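Colleague: I would like a close look at one part of this model. Please take the salt bridges, and then place them in the wider chain.

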Amino acid sequence: MIIYFHDFASPDRTASVDDGIVLAVAIGLVSVLRTVLYQAYWHKLMQPYLWLLRFFSALVYHKSLVLSSEARAKYSSGEISAYLSVDTERLATAINYIHCIWDYPLRIVVVLCALYRLLGYSALAGIAVLVASTQLSALLVRVVDRRFKQLIECRDQRVRIVGETVANIKGIKLYSWQDTFVNRIDDIRTRLELPALRSVGLWKGVMSLASLLVSLFIGFVTFAAYEALNGRTRHPLTSQLVFVSLSLFAVLQEPIAEMPTVISMLVNASRSLVRLCDFAMCDEVVSDNRQSYNTQDGDDTEMMVQIVDGTFKWSADDSASVLCDANFSCRR
């Protein structure tokens, strides 16, 4: 389009009005096609997201039904609810964005190659700024990761106390302890969780601002280097060269701006994956030890429960037994 207007405004006028109309219609159709394909891309992307979310939710729910008594004592109902509502959704969302690990670097490489062909060695200045920005992004991601870890710990503590309160609500209301428990939950919320949540939001805002400033700074450094190094040996810095370069930098802006967010999302998903793996690897009730009986049939003298020389422990890891040589029988 820039080349067309440049040729149309030139004295010899090599471009015609019909060419401009065709070019404008073609650009409009390309924009419509890009929008349709982009929406179709997100539509297809949401289908595996819903499948994965349903799969992980069913996995957590089924695991919670078969936990052993020892494993159930480690997890409260609030923590299991957090796995169902937070960790499963975070993991399903991150899997949809995992392709950005190779997509965004590929875009950056293609755009930088185009910039090098257009601007020459001055594009290396933009590459240097880009490399420096990746180090800054990595530093910010580590900071956000530490803040997010603190937020998860505070949130789990609050959810655990809320679960205990709901489970014992009858006794709490009977003894009028509701104000004490409300103050305890509110103290954790205001003193620990809200400052951690505010810190995470603040550092995410710093990451977004840094990404936008990096894109502008790359363009500024590249044009300054072009004027200082290649302004005399190559073509002068014309409007055509500037607008084409700015268009390439606009394409470069999305992967640079979204890369820290994607990395932070994948880091959070990795932590959720570790939590879900620890939960999935807990001990289960052995199905072979369970046997159902029909109480309508059978003789009254039939033995229903019988223990011979039984040994019992509170935990499988305990070395000492709390009950040895136990014998017990129970008939119908």
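Modeller: What follows starts with the charged pairs and then moves outward to the rings, the surface and the chain as a whole.

The model is predicted. A search of the whole structure finds eight salt bridges.

Start with Glu-193. The side chain of Arg-155 meets that of Glu-193 in a salt bridge, at 3.6 Å from N to O. This pair links distant parts of the chain. Arg-155 sits in helix 6, residues 123–167. Glu-193 sits in helix 8, residues 178–230. The two are 38 residues apart. How do they differ in burial? Arg-155 has a relative accessibility of 24%, so it counts as partly exposed. Glu-193 has 2%, and therefore counts as buried. The cut-off for buried is under 20% relative accessible area.

Glu-193 also has a partner within helix 8. Arg-189 forms a salt bridge with Glu-193, and their closest N and O atoms are 3.0 Å apart. Both residues lie in helix 8. They are four residues apart, about one turn of the helix. Arg-189 is partly exposed, because its relative accessible area is 31%. Glu-193 thus meets Arg-155 and Arg-189.

Helix 8 holds another such pair. The side chains of Arg-191 and Asp-187 meet in a salt bridge at 3.1 Å, N to O. Here too the spacing is four residues, about one turn of the helix. Asp-187 counts as partly exposed, because its relative accessibility is 33%.

Next comes a network. Salt bridges link Asp-87, Arg-90, Asp-156 and Arg-275. One member, Arg-90, is also in contact with Asn-268. Asn-268 is found in helix 9. With a relative accessible area of 6%, Asn-268 is buried. Neighbours within four places in sequence are left aside here; beyond them, Asn-268 is in contact with Arg-90 and Phe-148.

Now the rings. The structure holds nine aromatic pairs. A pair of aromatic rings is described by the distance of the centres and the angle of the planes. Take Tyr-38 and Tyr-41. Their ring centres are 6.4 Å apart and their planes stand at 35°, so this pair is tilted. Both residues lie in helix 2, residues 17–65. They are three residues apart, about one turn of the helix. Tyr-38 counts as partly exposed, because its relative accessibility is 39%. Tyr-41 is partly exposed as well, with a relative accessible area of 34%.

A second pair is Tyr-83 with Phe-279. The ring centres are 5.3 Å apart and the planes are at 55°, so this pair is tilted too. The pair links distant parts of the chain. Tyr-83 belongs to helix 4, residues 77–96. Phe-279 belongs to helix 9, residues 239–280. They are 196 residues apart. Both are buried.

Back to Tyr-38 and Tyr-41. Ring pairs link them with Trp-42 and Tyr-97 into a cluster.

What about the cysteines? The disulfide count comes to zero. Cys-100 is buried at 4% relative accessibility. Cys-282 counts as buried at 14%.

The surface has a nonpolar patch. Phe-312, Trp-314, Val-322 and Leu-323 form it. Together they have about 470 Å² of accessible area. Val-322 lies in the loop between strand 1 (303–312) and strand 2 (323–331). Val-322 counts as partly exposed, because its relative accessibility is 48%. The cut-off for exposed is over 50%.

Last, the chain as a whole. There are nine helices and two strands. From the N terminus on, the order is α-α-α-α-α-α-α-α-α-β-β. The chain has 332 residues, and buried residues make up 30% of them. Of the contacts with a separation of 6 or more, 74% come from residues 24 or more positions apart. Arg-155 with Glu-193 and Tyr-83 with Phe-279 are pairs that link distant parts of the chain. The chain exposes about 21,900 Å². Carbon and sulfur atoms supply 63% of that area.

Technical notes: Residues numbered from 1 in each chain as written. Predicted model: local features only at pLDDT ≥ 70, side-chain atom pairs only at ≥ 80, totals over all residues. Heavy atoms only, no water. Patch = residues over 30% accessible without salt bridge, like charges linked within 9 Å, V, L, I, M, F, W, Y side chains within 5 Å. Areas by Shrake-Rupley, 256 points an atom, 1.4 Å probe, with all protein chains shown as cover. Salt bridge = Lys/Arg side-chain N within 4 Å of Asp/Glu carboxyl O. Buried < 20%, exposed > 50% of the residue type's maximum accessible area, 1.4 Å probe, protein only. Phe/Tyr/Trp six-rings, centres within 6.5 Å; stacked < 30°, edge-to-face > 60°. Disulfide = S-S within 2.5 Å. Contact = heavy atoms within 4.5 Å.
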